[in-house]
Amino acid sequence: MRVLVTGAAGFIGFHLARRLAERGDEVVGLDNLNDYYDTELKLGRLRAAGIDPAGIAPVRPLASAARPNYRFVKLDLEDRDGLGGLFGAEGFDAVAHLAAQAGVRYSLVNPQAYVASNLAGFVNVIEAARAHQIGHFVYASSASVYGLNESLPFSTRDNVDHPVSLYAASKKSNELVAHCYSHLFGLPTTGLRFFTVYGPWGRPDMAYFLFTKAILAGRPIEVFNFGEMRRDFTYIDDIIEGVVRALDRRPAGDPGWSGRNPDPSRSKAPYRVYNLGNGRAVGLMDLIAAIEKSLGRKAEIKLLPLQPGDVPVTWADTSDIEKDLGYRAQTPVETGIARFIDWYRGYYL
């Protein structure tokens with residue numbers, strides 16, 4: 001396939017673009033290289049993919065020195081003309097739209113960044129996909145959409161109308177817009193609700209990354225909700241396997257779907273939403289123990305209250321994606337954290 005991967009200098013986008021290129025797809029990676037976190041890490045990911053940052057120029061795709069079937073372009077989601085030109089020139093078969101303004105807590109202090117990227121940017125990309133008759137539009141949603149839902153594990157059939165952060169609301173909005181495009185224009189769309197992704201080349205604002213950095217520096221780690229947190233930690237290789245399986249299978253409309261008792265995860269239109277997680281809620285203190293074991297050091301822990309916009313538990317019901325796509329996460333947290341620590345030591349130390 002010819003695939004556009006947005007957010008290709010980001011954590012998940014970097015791994016996805018590399019995986020697709022390795023299997024022989026023609027891949028264009030897109031990113032605006034913003035400074036939400038250390039841009040040097042983003043450039044490091046690009047270097048690992050064979051992209052020389054010195055050759056990056058706006059709008060013009062730059063070929064990878066490692067894989068000629070992978071090219072990277074610096075482009076902002078708000079640049080509608082640039083997106084239209086890219087789609088028109090490349091003739092993509094599918095889009096994996098992973099670019100977004102990430103972070104729950106940051107959305108409390110900089111809401112406009114989420115409006116620009118996650119709302120306006122999303123519409124710009126899906127509109128370009130419609131205009132150029134893309135065969136499949138896969139996009140990143142988030143476990144955060146479950147908000148105040150207390151039914152565990154989280155099911156795609158649950159109501160998600162009560163988000164607790166603007167970030168979550170923006171991701172729920174993406175799912176609504178995607179359904180409109182599937183319904184109105186027949187554009188096949190698949191939304192993937194990611195659950196706490198971790199691993200090598202990860203985001204430095206994530207808890208496991210911050211914990212590792214602080215422990216190695218001899219600083220205390222901040223643990224919220226007094227340690228009473230559980231997360232469906234999902235290793236990056238498992239996430240990428242799920243995204244690739246989703247890309248390879250376009251959804252069809254469900255003729256049995258009824259508006260009298262609507263299932264929010266599907267439609268009569270070619271629309272689908274899946275949870276993409278490990279299917280297991282792991283205690284935050286257990287995660288810390290795995291980090292301590294891999295580092296060979298004990299953490300000094302500072303217990304704090306639950307933060308605004310956060311939830312105490314996430315846990316994915318993955319039965320639908322297991323049934324439809326044969327996906328099941330394979331990596332225990334202890335194994336995934338050990339791999340992350342190995343990468344962290346090699347990259348930073």
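These legends go with several close-up views of a predicted model.

**View 1. The whole chain, before zooming in.**
Start with the full fold: ten helices and 14 strands make up the chain. Its radius of gyration is 19 Å, close to the 20 Å that the globule rule gives for 349 residues, so the chain is as compact as a globular protein of that length. Laid along its principal axes, the C-alpha trace spans about 55 × 55 × 40 Å. Of the 349 residues, 55% count as buried. If you look at contacts with a separation of 6 or more, 77% of them come from residues 24 or more positions apart. On the outside, the chain exposes about 14900 Å², and carbon and sulfur atoms supply 50% of that area.

**View 2. Helix α3 and its two faces.**
Here we're looking at α3, which covers residues 80–90. Its buried residues are Gly82, Leu83, Leu86, Phe87 and Glu90. They cover an arc of only 130° around the axis, which puts them on the same side of α3. The face turned away from that buried side carries Arg80, Asp81 and Ala89, which are exposed. What do the buried residues of α3 pack against? They meet the strands β1 (2–6), β2 (26–31), β4 (70–74) and β5 (94–97), along with α4 (111–131). Just past the end of α3 sits Gly91, with a positive phi of about 60°.

**View 3. Arg19 and Glu241, a link between two helices.**
The structure holds 21 salt bridges, and this view picks out the one where the side chains of Arg19 and Glu241 meet, at 2.8 Å from N to O. Arg19 belongs to helix α1 (residues 11–22) and Glu241 to helix α7 (residues 236–247), so the pair ties together parts that are 222 residues apart in sequence. Both partners are in the partly exposed range: Arg19 has a relative accessible area of 27%, and Glu241 has 23%.

**View 4. Arg157 and Asp320, and the network they belong to.**
Side chains of opposite charge can pair when their charged atoms come close. In this view Arg157 forms a salt bridge with Asp320, and their closest N and O atoms are 2.7 Å apart. Arg157 lies in the loop between β6 (136–142) and α5 (166–185), while Asp320 is in helix α9 (residues 319–325), so the pair ties together parts that are 163 residues apart in sequence. Are the two partners buried or exposed? Arg157 is partly exposed, with a relative accessible area of 41%, whereas Asp320 is buried at 13%. Zoom out a little and you'll find a network of salt bridges that links Arg157, Asp254, Asp263, Arg266, Arg272, Asp320 and Asp324.

**View 5. Arg203 and Asp205, another salt bridge.**
Arg203 and Asp205 form a salt bridge, with the closest N and O atoms 2.8 Å apart. Arg203 is buried, with a relative accessible area of 19%, and the cut-off for buried is under 20%. Asp205 is partly exposed at 26%.

**View 6. A nonpolar patch on the surface.**
Which residues make the nonpolar surface patch? Phe226, Met285, Ile301 and Leu303 do, and the patch comes to about 360 Å². Met285 is found in helix α8 (residues 284–295). This methionine is partly exposed, with a relative accessible area of 36%.

Notes:
Residues are numbered from 1 along each chain as its sequence is written. This is a predicted model: local features need pLDDT of at least 70, side-chain atom pairs count only at pLDDT 80 or more; totals for chains, interfaces and linings use all residues. Side-chain values use heavy atoms; hydrogens and water are left out. Patches are made of residues with over 30% relative accessible area and no salt bridge: like charges are joined within 9 Å, nonpolar side chains (Val, Leu, Ile, Met, Phe, Trp, Tyr) within 5 Å. Accessible areas come from the Shrake-Rupley method with a 1.4 Å probe; for residues, only the protein chains shown count as cover. A salt bridge is a side-chain nitrogen of Lys or Arg within 4 Å of a carboxyl oxygen of Asp or Glu. Helices (H or I, at least four residues) and strands (E, at least two) are DSSP runs, numbered from the N terminus. Buried means under 20% relative accessible area, exposed over 50%, partly exposed in between (1.4 Å probe, protein chains only). The arc is that of the directions from the helix axis to the C-beta atoms. Contact means heavy atoms within 4.5 Å. The radius of gyration is taken over C-alpha atoms; the globule rule is 2.2 Å times the number of residues to the power 0.38.
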